[in-house]
Amino acid sequence: MSCVVFPHVSWSQFPYRKIMLDLRARQPIFYVTDTLPEWELLPNIVKPVTAEAVALECRRPALAIVTHPYWIEKAASLHPERLLALIPDNTFEEYSELWKSRLAHCVLIADLFGSESESLYLEQAFKKEAVLLLRDADHLPSEGQRESMQGSSAEFEVLLRQAVSKLLTDNVSPVWATALQQHTLVQHYSEIRKAVGPHETASFLLAVYEYLLKLPDAASHLLESFLHAQQSGREDCIRTHYRFLSAIHAQNDELREAIDAYGVTALSADDRLRYERICEYAENGRADLAAAWLLRENDDLVGALARLHGAYDSEATDLKYRWLVESSRWEEALALSGAAGISGKAEKRGHPGIRDERLLNGYARKLRGDRHEAIRFFLEAAELDQDAIGLIARIKSEDAAIARLRRNMLETGESEGLTVVNGDDG
Amino acid sequence: MLTEMMGSRSATDLKAGSESSEAAVARATIRRVRRRSGNKLTAMLQVRNERGKYLTQVLEQLSGFVDELVIVDDASEDDTVALCRKFPKVARLVELPRPLFGEEWKLRSLLWQVASTTEPDWLLSVDADELYEDRAISAMRPLIDQDQYDWVSFRFHDFWNGLTHYRDDEHWNIHRRQTMTLVRYLPGFPCLYPQWDHHVPRLPLAYAALPGRLTDFRVKHLGWAGDWESKLAKYHRYKALDPEGKWGSLAQYESILDLNPKLTEWTEAT
């Protein structure tokens, strides 16, 4: 029962050391690194291993943890029983296109996604149910505070440990921890609102957490946030604040109000087209499609797909398929495609349909770290569309990115006086 | 890449699949929030003791281009209500038993609420001493029969000492700014007014967040066009209601009594 960590820094800087050491039942802990920490810094249950050797040392680990998105496919290739993505702030090449794309993959395949950034956390909370904010609600820790937190357990650490423990031992999804933490966050922003009065940011975040928990006051808090934003001169607040009201109404099955709220915010030509389509869905008795669209327009993919659960007509299936593909949920898209006969339709559509199927298969294989199969599918897709060759070239650029990450860890490690055991980037 | 490639794939034919329980609710026609034609325009006014002033002129003008009129009478002590009743387009007329002019935000809020019951597409907020120039009236339908913006503003002019000149100086220059008086009514959109006792904006603040159109169409404000006695009475009223200048400018109040104000002649636009 081993555990593998694919980190973004050397062990001495690793922010989740304490949590790792608490997972004693999952020893040994393989720590992927090109540096050898001084022995006194390395607990005896932690074993350094290079990225090249990890597959030999540790096949099918009980748990894999990535703290930088670039590692996600490497971690997936080990076929761990459970996978965690815990992403701290200020990681290497943060918010580059590749970072964002790999982060999306983390969200997709990890059993639990955690982030230190509240905005990143919230973004993912609309895409995935098992998410954790890797900091406590009542403060944004400075660097110094974060250090001190190594000594005393923060609330999120306790929650994370329990969530991981239940996941590994009892096979319990961490969604309970997500909800528990979100209730704490509701309480936190309620207290801020009580102290400072209705407030653009506090009221908005309160509304968001209430929405995630399906609590009843989300609409009123959102509206007060919108009014404050408007009075503060936020020019785009119709879209950034008011639009969210359409999701809240849709969640509450108040479809007419939801459509009206969205309509108010439909100011661009594209939005107007979407608004018209949503109205037509409702007028044609497809409240499920209208509500799903409204949720999707508010980035609530979880809610949107849930609305279409059990709807297998061509309209609903096409929408589900499209949204799954747009959100890189290749495996689910493939499963739906097979179950709903979209592949049959694809064949009839000719090359573009077949190409899409091959691309989907390639993406899905790559997501799980099955690079050879992925390349095979991309090559087959390239027979129909030369642009697909670019996907193979992209794999090389991803390898280069991992090499940069390892070099960065190496340089950081050297600056701390650690010993290099493998300088090969390869 | 696949997402980009799938750009052309869209759900178009609306075949009914499995209907949810919400379906029945939604089956009726959805009223679009913005319409390019057939918009209903409702004018809304608050009035008080308007006998001998401009109310007849104002209602006559409004009757010529709006679909309905909504009036809240702020406990008039003269025959203002009877005057209003003579105009067939008055769809709602609320008579307050006690005046609310000392808490103007309540009056504005009430007027908005009553006006919204007429199911308008657009609302025009008018005071009992305001007349729109002919160009503005001619443009009114094109201004509301569109789906690109949700409010329209005009240039108001404070007529002074009669109907030929407007005041144009440091304290009286509203014509240099835009005043929003015409808005698309959006059901469910926040319609709160600031809780001010005087000089309350005539439309809910939140509407300013929507896209609007600034125009050079002009509106004659005749509230100061009367004789010296009427201005003196208004001066005393403002000073009594707002002695510390909490809601308006004390300097502007004092300038009401200016014996030689700078006036500019009004010329009708062709």
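Q: How much area does chain A expose, and what share of it do carbon and sulfur atoms supply?
A: In this predicted model, chain A exposes about 17500 Å², of which carbon and sulfur atoms supply 50%; accessible areas come from the Shrake-Rupley method with a 1.4 Å probe. Local features need pLDDT of at least 70, and side-chain atom pairs count only at pLDDT 80 or more, whereas totals for chains, interfaces and linings use all residues. Residues are numbered from 1 along each chain as its sequence is written, chains are lettered from A, and side-chain values use heavy atoms, leaving out hydrogens and water.

Q: Why is α13(A) called oblique to α15(A)?
A: Helix α13 (residues 255–265) and helix α15 (residues 287–297) of chain A pack at an angle of about 45°, with their axes 11 Å apart. That makes α13(A) oblique to α15(A), because angles under 35 degrees count as roughly parallel, over 145 as roughly antiparallel, 65 to 115 as roughly perpendicular and the rest as oblique.

Q: Which residues of α13(A) and α15(A) make the contact?
A: With contact taken as heavy atoms within 4.5 Å, α13(A) contributes Leu255(A), Ala258(A), Ile259(A) and Tyr262(A), while α15(A) contributes Ala287(A), Ala290(A), Ala291(A), Leu294(A) and Glu297(A). These residues divide into 8 nonpolar, no polar and 1 charged.

Q: Which residues of helix α3 in chain B are buried?
A: In α3 (residues 55–65) of chain B, Leu55(B), Val58(B), Leu59(B), Gln61(B), Leu62(B), Ser63(B) and Phe65(B) are buried, that is, under 20% relative accessible area with a 1.4 Å probe and protein chains only. The buried residues of α3(B) pack against several elements of chain B, including β1 (41–47) and α6 (134–144).

Key
Axes fitted to C-alpha atoms, helices over the stretch in contact; angles between N-to-C directions. Helix = DSSP H or I, 4+ residues; strand = E, 2+ residues; numbered from the N terminus. Nonpolar A, V, L, I, M, F, W, Y, C, P; charged D, E, K, R; others polar. Buried < 20%, exposed > 50% of the residue type's maximum accessible area, 1.4 Å probe, protein only.
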